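Welcome, and please open the structure in your viewer. We will go from the whole chain down to a few side chains, with something to select at each stop.

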Amino acid sequence: MSQRLHKAKADHNGEWVFGYYLEVGGVPFILPEGNPLNAIVQVRPETVCQCVGMIDRNGITSFEFDKVFDPNVRKTFLIKSDKELSGFLLVDEAGWETKDISRLFYCEIVGNIYDKVVSHA
């Protein structure tokens, strides 16, 4: 079981589940925080997102694959893991520009790659 917080969509209803990620026989599950082991929820493997360990400017916990709007440069970025840095980066929608994850404090989470994104026109 992972010691880091994760989120994923529940396999049975598509709702987000937050907790600790584990696999049993190759099947992915989330153990919701503060619940007994029998409360594990089977999740859709393609939606598993790891917590970045930071909050946005509104105090919302951020996860890998969240989309964030940076008002300073008026662009939307995707939070992606970077294996070389063993951390996370903000990558613009075109994939050309990257920003340090420390900018997240100034950004606002506007969605993720799985749900509709709020527009900042």
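How many helices and how many strands are there in the protein chain? Colour by secondary structure to see: the protein chain has zero helices and 11 strands. The radius of gyration is 15 Å, close to the 14 Å from the globule rule for 121 residues, so the chain is as compact as a globular protein of that length. Keep in mind as you look around that this is a predicted model.

Next, show the C-alpha trace alone and turn it along its principal axes. The trace spans about 45 × 30 × 25 Å along them.

Now switch on the surface. About 7100 Å² of the protein chain is accessible, and carbon and sulfur atoms account for 51% of that. Colour by burial as well: of the 121 residues in the protein chain, 39% are buried.

A contact map is a good companion here. Take the contacts in the protein chain between residues at least 6 apart in sequence: 44% of them join residues at least 24 apart.

Time for side chains. Select Trp16, Phe65 and Tyr114, and display them as sticks. These three residues form one aromatic cluster. Across the structure there are four aromatic pairs, where a pair means ring centres within 6.5 Å.

Stay with tryptophan 16 and add one more residue to the selection. Which residue lies over the face of tryptophan 16? Lysine 7 does, at 4.4 Å from the ring centre. Tryptophan 16 is thus a good place to end the tour: it belongs to the aromatic cluster with Phe65 and Tyr114, and lysine 7 lies over its face.

Technical notes
Residues numbered from 1 in each chain as written. Predicted model: local features only at pLDDT ≥ 70, side-chain atom pairs only at ≥ 80, totals over all residues. Heavy atoms only, no water. Phe/Tyr/Trp six-rings, centres within 6.5 Å; stacked < 30°, edge-to-face > 60°. Lys NZ or Arg CZ within 6 Å of the ring centre and 35° of its normal. Helix = DSSP H or I, 4+ residues; strand = E, 2+ residues; numbered from the N terminus. Rg over C-alpha atoms; globule rule 2.2 N^0.38 Å. Buried < 20%, exposed > 50% of the residue type's maximum accessible area, 1.4 Å probe, protein only. Contact = heavy atoms within 4.5 Å. Areas by Shrake-Rupley, 256 points an atom, 1.4 Å probe, with all protein chains shown as cover.
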